[in-house]
Amino acid sequence: METAFERALFRSRWLMAPFYLGLVVALALLLVIFVKELIYYVPQVLGFSASAMTANDGILAVLTLVDLSLAGNLLLIVLFSGYENFVSKLDIDESETDRPPWMGTVDFSGLKMKLIASIVAISGIQLLKTFMNIGRPGYELNPDEAFWGVVIHLTFVVSGVLLALMDWLSAKTDKH
C-alpha cells in the first residue's frame, strides 16, 4: 500500500506539465505583444508617422522592448528549469550545440535568484520609464504612483539581497 501511494505521488509530478504548456502559450502571447510594439515604433523612428520620435521617445521604446524581452527570458527560465527540476529531464539530443549551458544546471535556489533578478530588472525599467516621462508635455506625474513605484522596486531589491544572503548562509552551514 505504501509503495503504491509513493508511486502515485511520484507520478503526480506530471500534473505540472500543463502548467509548462501554458507558459509556452504565454511566451507566444508575449511575442505577439513584442511584435505589435515593434510595428508601432518602426514607422515613428523612420518618420513615416505623423508624430516623429524624439531621442527620449526612442529610449522609452527601447526600454519597452527590453522589458518585454526580459519577461520572455523569465518565462523561459521558469519553463525549462521548472520542468527539469520538478517534472522530468528534457530528453533532447545531447549533441545539440545550441543548448544553453545553464540548462539542466539551474537548481531551485538558482531559479529563485534568476527570478528575483529578472523581476528587479523589469521593475527598474518600469521605474526608469516613469522618471523619463517627468516634465514631458501631456504627461502628468502622479506623485503617489511614483512613490509606490520606488517603494515596490526597493522591496524587490531588498528581497533579492535577502534571498542571496540566505542562500549564501545555507551554503556556509554544515550539512546534517
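The following exercises, with worked solutions, concern side-chain arrangement in a predicted model.

**Exercise 1.** Determine how the rings of Y20 and Y83 are arranged, and state which parts of the chain the pair ties together.

*Solution.* The structure holds four aromatic pairs. In the pair of Y20 and Y83, the ring centres are 6.1 Å apart and the planes stand at 90 degrees. Pairing requires centres within 6.5 Å, and planes over 60 degrees apart count as edge-to-face. The pair is therefore edge-to-face. Next, place the two residues: Y20 belongs to helix α2 (residues 17-46) and Y83 to helix α3 (residues 55-86). The pair thus ties together parts that are 63 residues apart in sequence. Finally, ring pairs link Y20 and Y83 with W14 into a cluster.

**Exercise 2.** Classify Y20, Y83 and Y41 as buried or exposed.

*Solution.* The cut-off for a buried residue is under 20% relative accessible area. Y20 has 8% relative accessibility and so counts as buried. Y83, at 19%, also counts as buried. Y41 has a relative accessible area of 15% and is therefore buried. Y41 also forms an aromatic pair with Y40, with 5.2 Å from centre to centre and 70 degrees between the planes, and this pair is edge-to-face.

**Exercise 3.** Identify the residue that lies over the face of F10, and give its distance from the ring centre.

*Solution.* The residue is R13, and the distance from the ring centre is 4.0 Å.

**Exercise 4.** Describe the nonpolar surface patch that includes V45, and classify the accessibility of V45.

*Solution.* The patch is formed by L38, V42, V45, L46 and F48. Together these residues have about 500 Å² of accessible area. V45 is located in helix α2. Exposed residues have over 50% relative accessible area; V45 has 56% relative accessibility and so counts as exposed.

**Exercise 5.** Contrast the settings of S123 and R136 in terms of location, accessibility and contacts.

*Solution.* Begin with location: S123 is in helix α4 (residues 108-132), whereas R136 is in the loop between α4 and α5 (143-172). Turn next to accessibility. S123 is buried, with a relative accessible area of 12%, while R136, at 27% relative accessibility, counts as partly exposed. For contacts, set aside residues up to four places away in sequence: S123 then touches H153 and F156, and R136 is in contact with D57 and L60. As a last step, relate R136 to A26: the two residues are 110 residues apart in sequence, and their C-alpha atoms are 33 Å apart in space.

Conventions: Residues are numbered from 1 along each chain as its sequence is written. This is a predicted model: local features need pLDDT of at least 70, side-chain atom pairs count only at pLDDT 80 or more; totals for chains, interfaces and linings use all residues. Side-chain values use heavy atoms; hydrogens and water are left out. Rings of Phe, Tyr and Trp (its six-membered ring) pair if their centres lie within 6.5 Å; planes under 30 degrees apart count as stacked, over 60 as edge-to-face and the rest as tilted. Helices (H or I, at least four residues) and strands (E, at least two) are DSSP runs, numbered from the N terminus. Buried means under 20% relative accessible area, exposed over 50%, partly exposed in between (1.4 Å probe, protein chains only). A charge sits over a ring if NZ of Lys or CZ of Arg is within 6 Å of the ring centre and within 35 degrees of the ring normal. Patches are made of residues with over 30% relative accessible area and no salt bridge: like charges are joined within 9 Å, nonpolar side chains (Val, Leu, Ile, Met, Phe, Trp, Tyr) within 5 Å. Accessible areas come from the Shrake-Rupley method with a 1.4 Å probe; for residues, only the protein chains shown count as cover. A salt bridge is a side-chain nitrogen of Lys or Arg within 4 Å of a carboxyl oxygen of Asp or Glu. Contact means heavy atoms within 4.5 Å.
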